[in-house]
Amino acid sequence: MTQRGEWLPSPLRGGVGGGGLPDDLPPTEKTPRPAASQPPSPRGGGLPGALTPYLAVFAGRFQLMLQYRAAAFAGFITQCWFGIIRILIFAAFYAGGSAHAPMTLSNAIAYTWLGQAFLAFLPWNADPDVTEMVRTGAVAYEQLRPVDTYAWWYARALAWSIARVLPRATLMAAFAVVLIPLVGLGEWGMPPPPNAAAAGLFAVSVMGMVLLSASITLVINIVMTAMLTDRGPSTLAAPIVNLFSGMVVPLAFFPDAARPWLRAQPFAGLVDIPFSIYFGGLSGWRAVGAIALQFGWTAALIVGGRIWLGRVMRRLVVQGG
Amino acid sequence: MGPLRLYGRYAAASIRAQFSYPGTLAMMIAGQFLVTVIEFIGVWALFRRFGQIGGWRLGDVALFYGLVSVTFSLADAATRGFDVFGSVFVKTGAFDRLLLRPRSTTLQLMGYELRLTRVGRLIQGVGVFAVGMALTGFQLTPAAMAILAFAIAGGVALFSGLLVMQATLSFWTVESLEAVNILTYGGEAAAEYPMNVYAAWFRDVLTFAVPIGCVTYLPMLAAMGRPDPLGAPGWVLPLAPAAGFLFLGIALFVWRFGLKRYASAGG
């Protein structure tokens, strides 16, 4: 099922959940130009001084995106509904016999609610601001800023995704952790992690998920900047991300022979690794290894992406006048 | 010029416009196809593990899935004008111009855009349905084809009715209400599986409140020649898609009510 049409993000409108949820992003939003656009102090900057512009762009965009409360609420309602459909379907499959199921129904329910809560972390699109810059040619100005363009865009992508997820995940937690058990449907709510170790590893893995998601958004940004259009990359990103992250169906349900390969590819770190750690499907050293893989892919994408962006920006030819 | 010919002109203009960027169009269609096909790969993976759901096998579910996917892609392609009504027409005041023209507003909104990108989902739906036919041996007899055509027409009417209601709400809310997506995209997603797999309360919503089950599940049973496992009387099954037209009729009635209340929001 697809959530969102042009929700799909744009390709899905729908989107995942359906590949097509409605896109709730504001079409454009002006970037604040706070301290960020001032060159870092040449003397006595030190590390904190060097980080100032990136923290400023993060904070500015984070606060801005939090303003879109109606979009967050609509997203929350949509995600509750899709979560309910998915859970009812899982329940019907499990009712027919679960001898070959790789996880329990309770695990699948936890996985589904987490997937809906963190849906906005999925890197389906390029950053809409950068898309607009590429469309207008303003992307060339990015080279004039006395900051590292990769780090600048990365900070923006992080703020964008975290600010969109926070209100939705909070509402979803209130719904799945508090409200559903309160009305006496506890078995359909979100179960707690089995032990403190799982909870701790999950917290670390969520951080990995956030950093990985932003690094993939940057890859889409870079491909878009190189191609001067967002159509191709955004069209292809959504189906690949949905399938290989485990959003369509947990990766454990795919044939056993494919599982080692599926867990090793980078998109698994967006959904399957953190959520499997949550319910104990990945634990102990296997969980630690999966988290290491998550951070390893993130580091590789950041290093490779930064080199690639440098090349793209040097060869950039903008249109418009 | 009659309304039908006029709609033909609208559609032809929209199609020509989209073909002026053939590469982009092809890519968007391919994207729609891929996004919806991977959803079915998920269904396949679940059936490999579980074998059946509510007594249905993969081939059976593919038939239900393909039917609703075809229906929804057609409705989604044709109703763009109602979908963006709040943000594009009410908020900007552009709707005032439609009111000045000597044609019905519903015809003009239907003519707003015929979205060819939805062909991607249409291909997926037809493909999934063909998989279902191959797996189950389902035959497209003339009777089955008549029932399915009626089901598709009723389904397009139902989804269009939902979009008309969403647009009507924009008279009051100004913005397009995204929450209606839970009934359009969400309804489509729910109808991918036969209704008997769901809990009773959810099934009742999808049969009586928003009769998606009447335009997909019940007529598909009639076409397959299978009785309803939930016990709906046999004569109801092929006639159920009429509920979609009834729903559209109610939606258009509410639309006219909203239209009377409309006071321009533009500047």
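This report describes a predicted model with chains A and B, moving from chain A as a whole to single residues, the core and the contact between chains.

**Chain A as a whole**

Chain A contains 10 helices and 2 strands. Read from the N terminus, its elements follow the order β-β-α-α-α-α-α-α-α-α-α-α. Of the 321 residues in chain A, 52% are buried. Among the contacts in chain A with a separation of 6 or more, 66% join residues 24 or more positions apart.

The confidence of the prediction also deserves attention. Chain A has a mean pLDDT of 82, and 84% of its residues reach 70 or more. In residues 1-45 of chain A, however, the pLDDT is below 50, although this stretch has 161 contacts in the model beyond near neighbours in sequence. Where pLDDT is low, the predicted coordinates should not be read in detail.

**Two loop residues of chain A**

Two residues in loops of chain A may be set side by side.

| Residue | Loop between | Other C-beta atoms within 10 Å | Class |
|---|---|---|---|
| Met103(A) | α2 (69-95) and α3 (105-117) of chain A | 20 | buried |
| Leu228(A) | α6 (196-227) and α7 (231-245) of chain A | 14 | partly exposed |

Why is Met103(A) classed as buried? Met103(A) has 20 other C-beta atoms within 10 Å, and a residue is buried if that count is 20 or more. Leu228(A) has 14 such atoms and is therefore partly exposed, since this class lies between the limit of 12 or fewer for exposed residues and that of 20 or more for buried ones.

Leaving aside residues up to four places away in sequence, Met103(A) touches Ala108(A), Pro250(A), Ala252(A) and Gly281(A). One of these partners, Pro250(A), is 147 residues from Met103(A) along the chain, yet their C-alpha atoms are separated by 9.6 Å. Leu228(A) is notable for its backbone: its phi is near 60°, a positive value in a residue other than glycine.

**The largest nonpolar core**

The largest nonpolar core has 169 residues, and the members that touch the most others are Val61(B), Phe64(B) and Leu67(B). Helix α5 (residues 149-182) of chain A supplies the largest share of this core, 16 residues. Val61(B) itself touches Val43(B), Ile53(B), Trp56(B), Tyr193(B) and Pro194(B), when residues up to four places away in sequence are not counted.

**A helix pair in chain B**

Two packed helices are described by the angle between their axes and the distance between the axes. In chain B, the axes of helix α9 (residues 142-173) and helix α13 (residues 217-224) come within 9 Å and cross at roughly 175°. This angle makes α9(B) roughly antiparallel to α13(B), because angles over 145 degrees are placed in that class.

Which residues of α9(B) meet α13(B)? They are Ala144(B), Ile147(B), Leu148(B), Phe150(B) and Ala151(B), and their partners in α13(B) are Pro219(B), Met220(B), Ala222(B) and Ala223(B). The contact of α9(B) with α13(B) consists of 9 nonpolar residues, with no polar and no charged ones.

**The contact between the chains**

The contact draws on 41 residues from chain A and 35 residues from chain B. On the side of chain B that touches chain A, the elements that give two or more residues are α2 (22-50) and α10 (181-191) of chain B. The largest share of that side, 17 residues, belongs to α2(B). By class, the side of chain B that touches chain A has 20 nonpolar, 9 polar and 6 charged residues.

Conventions. Residues are numbered from 1 along each chain as its sequence is written. Chains are lettered from A and ligands numbered from 1 in the order in which they are written. This is a predicted model: local features need pLDDT of at least 70, side-chain atom pairs count only at pLDDT 80 or more; totals for chains, interfaces and linings use all residues. Two residues are in contact if their C-beta atoms, placed from the backbone, lie within 7 Å. Helices (H or I, at least four residues) and strands (E, at least two) are DSSP runs, numbered from the N terminus. Ala, Val, Leu, Ile, Met, Phe, Trp, Tyr, Cys and Pro count as nonpolar, Asp, Glu, Lys and Arg as charged, and the others, Gly among them, as polar. Axes are lines fitted to C-alpha atoms, for helices over the stretch in contact, and angles run from 0 to 180 degrees between N-to-C directions. Angles under 35 degrees count as roughly parallel, over 145 as roughly antiparallel, 65 to 115 as roughly perpendicular and the rest as oblique. pLDDT is the predictor's confidence in each residue, from 0 to 100. A nonpolar core is a set of buried Ala, Val, Leu, Ile, Met, Phe, Trp, Tyr and Cys residues joined through C-beta atoms within 7 Å.
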